[in-house]
Amino acid sequence: MTSWRTALPWRTVVPPLVFGIGGLALWQVLTVVAGVPSFLLPAPTAIASEFTENFGRIADAATATGTNALIGLLVGAVLGIVAAMLAVRFHLVEGLLTPLSAAAAAVPIVALAPLLNSMYSTTTDAPRRMVVTIVVFFPMFVSTARGLRQVPQVHTDLMTSYAAGGWQITRTVRLPAALPYLFTGLRIAAPGAVIAAIIAEYFGGLQNGLGSRITSAAANTAYPRAWAYVAGAVLVGLLFLAAVLLLEQLTRRPRTTLWRSR
């Protein structure tokens, strides 16, 4: 029988929705009543107007930034998962990759992006995608490696008794058990990929992404338009996070169905 808590999704949807609407209303009132200048904080209605008028440009910029973020996310996630599998399988690889991944995570994007932009042509998106890949690699490597180590010893011993090899155990036992940890890393990496792609656009290269449009609008004192591009960036980040959550739910569905059938 379906619980009344699961039958009422409004209990999880309505509170944040009310909070968001209330926050926007308070924002509008404060900017109008207090006469806050637009260069400090534009009113939500002005931002919404600019968003509507420039929707096509915002969509094009969001597509460019989202493409770079998606490619970097996929490459960084695959590299992180493969590196975690190698680190768990071979202690020497773990000793080499763990400090390197920590060092890569410690490098700030604002220091890395200009260097990569200077190494490549200004007509390519490769530096931005490389920045996203580096940012994504660390959380994926750490989360996946932790999940691969959480398998009970009895499971690996059972597979060993069946004459299963190390890679077979990793593929059939460790990796499926590490899925919750893997998706934890993805939930962190997905919005981070969008942030990294936008920040990388601040340091030259093609002027077709959200970061470039934000700086251009702000430089021309078109502050509501700049905030409209920021709103577009927020939507892209939410879209990435929603895609990860949907994929996580799809991977959990067969297990739930099997459990109910029993």
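Where does T221 lie? Hold that thought for a second, everyone, and thanks for coming. T221 lies in the loop between α10 and α11. Its phi is near 60 degrees, a positive value in a residue other than glycine. And T221 is exposed, at 53% relative accessible area.

Before going on, please keep in mind that this is a predicted model, so let me start with confidence. The protein chain has a mean pLDDT of 81, and 83% of the residues reach at least 70. Element by element, helix α3 has the highest mean, at 92, and helix α7, residues 153-161, has the lowest, at 55. Then there are the two ends. Over residues 1-7 the pLDDT stays under 50, and the model has two contacts beyond four places in sequence for that stretch. Residues 255-262 also stay under 50, again with two contacts beyond four places in sequence. Note that helix α11 is assigned to residues 223-261, if you plan to look at that end on the screen.

Now the overall picture. The protein chain has 11 helices and zero strands, and from the N terminus on, the elements simply read α-α-α-α-α-α-α-α-α-α-α. Of the 262 residues, 34% count as buried. The chain exposes about 15200 Å², with carbon and sulfur atoms supplying 70% of that area. For those of you who like contact maps: among contacts with a separation of 6 or more, 76% are between residues 24 or more positions apart.

Let's go inside. The largest nonpolar core has 45 residues, and the ones with the most contacts inside it are L73, V131, V136, M140, L186, L210 and F240. Which elements give two or more residues to this core? They are α3 (55-89), α5 (109-119), α6 (126-148), α9 (179-200), α10 (210-219) and α11. Helix α3 gives the most, with 12 residues.

M140 is a nice one to click on. Leaving aside neighbours within four places in sequence, M140 is in contact with G76, A77, G80 and I81, and also with L182, G185, L186 and A189. One of those partners, L186, is also on the list of residues with the most contacts inside the core.

A polar residue next. Is N117 buried or exposed? N117 sits in helix α5 and is buried, with a relative accessible area of 13%; it counts as buried because the cut-off is under 20%. Beyond four places in sequence, N117 is in contact with P127, A200, F203 and G204.

Finally, back to helix α11, this time for its surface. W227, V230, V234, L235 and L238 form a nonpolar patch there on the outside of the protein, with about 420 Å² of accessible area together. L238, one of that group, is found in helix α11. Further along, A242 is in helix α11 too, and at 42% relative accessibility A242 counts as partly exposed. The C-alpha atoms of A242 and R187 are separated by 9.1 Å, although these residues are 55 apart along the chain.

So what should you take from helix α11? It is among the elements giving two or more residues to the core, and L238 of the nonpolar surface patch is found in it. That's my tour, and I'm happy to take questions.

Note on methods:
Residues numbered from 1 in each chain as written. Predicted model: local features only at pLDDT ≥ 70, side-chain atom pairs only at ≥ 80, totals over all residues. Heavy atoms only, no water. Patch = residues over 30% accessible without salt bridge, like charges linked within 9 Å, V, L, I, M, F, W, Y side chains within 5 Å. Areas by Shrake-Rupley, 256 points an atom, 1.4 Å probe, with all protein chains shown as cover. Salt bridge = Lys/Arg side-chain N within 4 Å of Asp/Glu carboxyl O. Helix = DSSP H or I, 4+ residues; strand = E, 2+ residues; numbered from the N terminus. Buried < 20%, exposed > 50% of the residue type's maximum accessible area, 1.4 Å probe, protein only. Contact = heavy atoms within 4.5 Å. Core = buried A, V, L, I, M, F, W, Y, C linked by side-chain atoms within 4.5 Å. pLDDT = per-residue confidence, 0-100.
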